[in-house]
Amino acid sequence: MGLFDSLKKAFGGGQQETAEEEKYDAGLEKSRSSFGEKLNALFANFRSVDEDFFDDLEEMLIGADVGFETAEQLTDELRDEVKLKNAKSKDEVSQVIVQKLVDIYGEAGEGEDNSLHYAEAGPTVFLFVGVNGAGKTTTIGKLAHQLQQDGKKVLLAAGDTFRAGAIQQLQEWGKRDEVPVVATEPGGDPAAVVFDAVKRAKDDNFDVLLVDTAGRLQNKVNLMKELDKIKRVIVRELPDAPQEVLLVLDATTGQNALSQAKEFNQTTKISGIVLTKLDGSGKGGIVLAIRNSLHVPVKLVGLGEKMDDLQVFDPNKFVYGLFKGLIKEEN
Ligand code: GDP
Ligand code: MG
């Protein structure tokens with residue numbers, strides 16, 4: 001059974017939502033209603049499926065932040081699909097569109113490795129990068145808590161020494177989570193902090209080291225050099241680390257997040273994306289744009305402010321949250 005059919009069944013059968021589904025449901029409410037409104041607006045003037053309609057559809061998809069190329073490709077596929085299914089009425093056409101979107105989300109996610117990778121032996125290192133305000137420190141704080149709950153021994157490294165308050169912010173998370181933090185004075189050398197943290201992680205048998213970094217230095221070249229240096233320090237001590245270099249992106253910034261991702265990916269090899277603030281954004285469609293243009297998997301999503309609102313990305317649950325209520329229920 002395809003994703004669309006299984007969702008249709010799930011919505012129609014009145015099945016109890018799992019706790020995870022509830023999180024996706026709540027966290028994607030804004031994206032869902034914004035998409036639903038766009039879909040309604042599209043059909044408000046619906047007369048027939050002609051070229052004007054497909055132009056409007058393409059515009060609607062671009063507005064939903066799936067990205068320009070994706071919108072174009074989607075519209076082409078939808079044009080064929082509507083013909084193939086001989087859909088004519090508003091309801092028929094709208095269901096074909098939703099079904100196609102669900103299928104495209106499903107297909108794009110097939111074979112994608114959304115899991116976080118851990119070292120087989122010795123400490124695992126995750127390096128967090130991204131512009132200021134994206135949610136790096138918060139994500140580290142939430143993840144540290146979850147890993148700790150899972151029985152892992154966690155260490156944090158305050159690699160953002162550039163911004164006043166950044167070290168303190170991580171230390172506050174450390175206190176809340178009861179997780180130690182390796183830090184230096186503001187303005188100190190981030191690579192030295194990371195060196196100390198890696199050494200401590202090895203010597204004291206920590207399971208996971210989460211490394212915070214600056215989102216901005218004097219200029220972009222400096223930042224990329226700094227990240228490179230941090231990476232080299234880690235590799236020298238732990239040849240298989242970092243197991244993940246996670247780029248943190250703020251979903252509310254839409255297409256801007258996408259250009260940041262492209263820029264980072266050119267200089268620092270990214271292994272995964274953390275998409276934060278989905279709860280505060282109507283731009284969930286950005287997941288498609290990230291996949292289609294970057295080919296870097298989304299690995300974590302921020303679905304709210306609470307500790308457990310940071311979730312490992314599950315593509316099917318994401319689609320569930322995004323299209324719930326838009327799929328006509330089975331009678
Ligand atoms: P950094 O500069 O990348 O370290 O960003 P911060 O971790 O300091 O986060 C910036 C702001 O975004 C803070 O106010 C966080 O509470 C907020 N934030 C981060 N992730 C999420 C999320 O998933 N949902 C919501 N609603 N807010 C978030
Ligand atoms: Mg920070």
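A residue is called buried here when its relative accessible area is under 20%. That cut-off is a helpful way into this predicted model, beginning with strand S4. By this criterion 6 of the 6 residues of S4 are buried, so the strand is largely enclosed by the rest of the structure. The side chains divide between two directions: Val208, Leu210 and Asp212 point one way from S4, while Leu209, Val211 and Thr213 point the other way.

S4 belongs to an open sheet of 8 strands, and a walk across this sheet gives the order S3-S2-S4-S1-S5-S6-S7-S8, with mixed pairing. The edges are held by strand S3 (181-182) and strand S8 (310-312), each of which has a single partner strand, so one side of each is left without a neighbour in the sheet.

Next, the neighbours of S4 can be taken in turn. Strand S1 (residues 124-129) pairs with S4 (residues 208-213) in the parallel sense, over 4 bridges. Within this pairing, threonine 124 has valine 208 as its bridge partner, and phenylalanine 126 is matched with leucine 210 of S4. Helix H10 (residues 220-237) packs on the sheet and touches S1, S4 and strand S5 (244-250). The direction of H10 makes about 180° with that of S1.

S2 and S4 also run parallel, joined by 6 bridges. One of the matched pairs here is leucine 155 with leucine 209 of S4. A further helix, H8 (residues 166-177), lies across strand S2 (154-159), S3 and S4, and runs at about 170° to S2.

The loop between S2 and H8 contains aspartate 160, a residue that deserves a closer look. With a relative accessibility of 4%, aspartate 160 counts as buried because the limit is 20%. The side chain of aspartate 160 reaches the backbone nitrogen of phenylalanine 162 at 3.3 Å. A polar atom of that side chain also lies 3.5 Å from the backbone nitrogen of arginine 163. Leaving aside residues up to four places away in sequence, aspartate 160 touches Ala166, Ile167, Asp212, Thr213, Ala214 and Gly215. Two of these names have already appeared: Asp212 and Thr213 are buried residues of S4, and they point in opposite ways from the strand.

On to strand S5, which also pairs with S1. S1 and S5 run parallel and are joined by 4 bridges, with leucine 127 standing opposite valine 245 in S5. S5 is parallel to strand S6 (residues 272-276) as well, through 5 bridges; leucine 249 has leucine 275 of S6 as its bridge partner. In S5, 7 of the 7 residues are buried, so this strand too is largely enclosed by the rest of the structure. Glu244, Leu246, Val248 and Asp250 point one way from S5, and Val245, Leu247 and Leu249 the other way. The buried set therefore includes Glu244 and Asp250 along with leucines and valines, since each falls under the 20% limit.

Attention now turns to helix H13 (315-323). This helix is mostly covered, with 8 of its 9 residues buried: Pro315, Lys317, Phe318, Val319, Tyr320, Gly321, Leu322 and Phe323. The N-terminal end of H13 is capped by aspartate 314, which has a side-chain oxygen 3.0 Å from the backbone nitrogen of asparagine 316. After H13 comes glycine 325, with a positive phi near 90°.

H13 also takes part in enclosing empty space. Rolling a probe the size of a water molecule over the atoms shows where empty space is left. In this model the count comes to 2 cavities of 30 Å³ or more, and the largest cavity holds about 110 Å³ of space. The largest cavity is lined by 13 residues, of which Phe35, Ala64, Tyr105, Gly285 and Leu322 are the closest to its centre. Helix H3 (29-44), helix H6 (90-109) and H13 each supply at least two residues of this lining. H3 gives the most, with 4 residues.

A last detail concerns helix H5 (residues 68-84), where arginine 79 is found. The side chain of arginine 79 makes a polar contact with the side chain of glutamate 51, at 3.0 Å. Apart from residues up to four places away in sequence, arginine 79 touches Glu51 and Phe54.

Conventions
Residues are numbered from 1 along each chain as its sequence is written. Chains are lettered from A and ligands numbered from 1 in the order in which they are written. This is a predicted model: local features need pLDDT of at least 70, side-chain atom pairs count only at pLDDT 80 or more; totals for chains, interfaces and linings use all residues. Side-chain values use heavy atoms; hydrogens and water are left out. Two strands pair if DSSP finds at least two bridges between them. Contact means heavy atoms within 4.5 Å. Axes are lines fitted to C-alpha atoms, for helices over the stretch in contact, and angles run from 0 to 180 degrees between N-to-C directions. Buried means under 20% relative accessible area, exposed over 50%, partly exposed in between (1.4 Å probe, protein chains only). A polar contact is a pair of N or O atoms within 3.5 Å; within protein, one must be able to donate a hydrogen and the other to accept it, and residues adjacent in sequence count only if both atoms are side-chain atoms. On a 1 Å grid over the protein atoms alone, a cavity is a set of points where a 1.4 Å probe fits but cannot get out, and a pocket is an open set with protein on both sides within 12 Å along at least five of seven lines; lining residues have an atom within 4 Å of a point. Grid points are joined across faces, edges and corners, and a volume is the space filled by probe spheres set on the points.
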